[in-house]
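Work through the exercises below with the sequence and the model open. Each task is followed by a solution in steps.

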2 protein chains.
Amino acid sequence: MAPPGRALKHVQVREYVRTLVGGSSPGSPAPSERELVQRFGVARMTVRQAMDALVVEGLLERIPGRGTFVARPRRTASKITGYTEEMTRRGLLAESQTLLARREQAGPGVARALSLTEGDAVIHWRRLRRADGVPMCLEDAYLNEVLLPGFLQQGMPTSLYDSLDARGLRPTWAEDSITADKATAEEAGLLEVEPFSVVLRHSRRALCDDKVVEVSRTVYRADRFTLWVQLGQDC
Amino acid sequence: MAPPGRALKHVQVREYVRTLVGGSSPGSPAPSERELVQRFGVARMTVRQAMDALVVEGLLERIPGRGTFVARPRRTASKITGYTEEMTRRGLLAESQTLLARREQAGPGVARALSLTEGDAVIHWRRLRRADGVPMCLEDAYLNEVLLPGFLQQGMPTSLYDSLDARGLRPTWAEDSITADKATAEEAGLLEVEPFSVVLRHSRRALCDDKVVEVSRTVYRADRFTLWVQLGQDC
DNA sequence: TAGTGGTCTAGACCACTAT
DNA sequence: TAGTGGTCTAGACCACTAG
């Protein structure tokens with residue numbers, strides 16, 4: 001598959017095994033180490049290096065005295081997703097209406113959250129977001145302009161997270177806070193609910209490596225939205 | 001430290017390095033591989049096996065051509081905590097008042113959530129929980145009696161999670177759902193808020209390995225509680 | 001140039017599992 | 001008993017970094 005002259009041997013073995021067991025059910029046997037030694041004409045330590053990587057990755061598990069097998073997939077904690085991805089996952093059609101998209105000077109709260117200095121330029125993007133045509137939430141996102149040059153000029157994307165992804169800024173870390181509250185009159189009007197209806201407020205600070213890429217405050221209609229979170233110690 | 005005759009060499013090297021760099025700042029150099037080969041009189045592959053484990057663990061990072069260094073600690077996603085631990089972390093005094101603690105037959109919802117059959121015996125534990133003396137939430141926990149023999153007879157612990165911990169059932173995985181709502185009249189009375197006040201409802205299904213150890217529904221006073229969640233892909 | 005980690009070899013003995 | 005993974009040796013050459 002790959003130019004064999006250039007690929008490292010342990011990488012060749014690793015990718016061979018990955019392809020071989022890809023799609024196999026958990027518990028299926030992987031080739032034995034000595035079998036791979038024969039097939040690739042390499043030392044056993046080289047095969048072990050390849051297999052070690054797949055074990056660490058969670059694809060394989062070793063059982064001493066028995067062999068190496070396809071591991072049961074580990075549970076994965078919640079992915080960090082944006083609205084579009086999340087609604088799509090729920091089988092709903094995500095739509096957004098931009099109410100505001102402009103350059104602003106960061107106030108004290110936003111500046112601190114974005115790790116900037118008060119008065120620095122930030123992008124403020126306010127959207128009314130619908131699911132299957134009905135208002136779901138109102139989102140105010142604040143972005144670091146320095147990380148997103150030309151963002152406002154390029155025409156707003158549908159999905160902020162796709163857009164961050166394309167720039168290599170997909171969040172790898174998020175700090176969320178969630179509270180229950182009543183809608184303000186303005187929020188109620190936009191969300192098409194009675195004034196003072198119950199809402200779920202969701203704030204997020206999303207980082208990619210050590211860069212704060214997004215700070216947002218979203219208010220969800222409580223009658224339409226339940227937040228789901230999976231927590232776990234494996235990834 | 002450990003009986004040297006019995007410990008595996010790579011474990012000896014690993015623990016030596018762990019002790020040596022324990023408490024060092026990120027970026028501090030670890031001993032070089034060849035230095036450890038000399039010190040322990042082992043092969044380099046053995047040293048590499050030891051160091052590999054520490055790298056996978058996140059304690060060390062290797063920089064080719066430069067050396068091995070103490071890694072910057074990875075961010076850790078939210079721990080799965082119970083009420084007592086969480087309030088303590090926030091600097092509040094956690095107290096609980098048991099309103100109900102009895103054996104019941106599982107209804108359809110609870111049975112499914114606990115991976116049991118309808119009518120199986122479950123423990124139902126209802127508590128009014130205070131923080132610094134003021135009502136914070138009302139929690140209904142359902143536990144699998146088979147996993148917790150004698151639980152009701154032993155007198156209720158303060159912290160369910162400590163109690164699970166002691167039985168080796170500390171949750172390693174949790175599925176939470178969060179909604180905003182209004183309190184029922186009964187909830188409002190217990191929580192000492194006006195009827196129909198805004199509340200945050202939090203449901204949890206907590207597992208230890210593949211066993212469902214806790215299913216709970218908690219209603220928090222919205223005026224006193226903000227839920228915090230950290231999401232990330234390293235652990 | 002000296003030192004580092006990255007890769008690789010060609011063996012070895014062990015404990016354990018399955019037949 | 002044959003096969004498996006776990007551990008370990010005593011070297012080797014490479015690319016890279018730093019002084």
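**Exercise 1.** Sort the residues of the surface near DNA strand C into nonpolar, polar and charged.

Solution. A residue is near the strand if one of its heavy atoms lies within 4 Å of it. Ala, Val, Leu, Ile, Met, Phe, Trp, Tyr, Cys and Pro count as nonpolar, Asp, Glu, Lys and Arg as charged, and the others, Gly among them, as polar. The sorting gives 8 nonpolar, 9 polar and 9 charged residues. In total, 26 residues surround DNA strand C, and Lys9(A) and Arg34(B) are among the closest. Of the strand atoms that come within 4 Å of the protein, 65% belong to sugar and phosphate.

The model is predicted: local features need pLDDT of at least 70, side-chain atom pairs count only at pLDDT 80 or more, and totals for chains, interfaces and linings use all residues. Residues are numbered from 1 along each chain as its sequence is written, chains are lettered from A and ligands numbered from 1 in the order in which they are written, and side-chain values use heavy atoms, with hydrogens and water left out.

**Exercise 2.** Find which part of DNA strand C is met by His10(A) and which by Gly65(B).

Solution. Look for polar contacts (pairs of N or O atoms within 3.5 Å). A side-chain N or O atom of His10(A) is 2.9 Å from a phosphate oxygen. For Gly65(B), a polar backbone atom is 3.0 Å from a base nitrogen.

**Exercise 3.** State how chain A is superposed on chain B.

Solution. Superpose by least squares on the C-alpha atoms of residues with pLDDT of at least 70 in both copies. The result is a rotation of 180 degrees with 0.1 Å of shift along its axis, at RMSD 0.2 Å. This is the relation of a two-fold axis.

Methods. A polar contact is a pair of N or O atoms within 3.5 Å; within protein, one must be able to donate a hydrogen and the other to accept it, and residues adjacent in sequence count only if both atoms are side-chain atoms.
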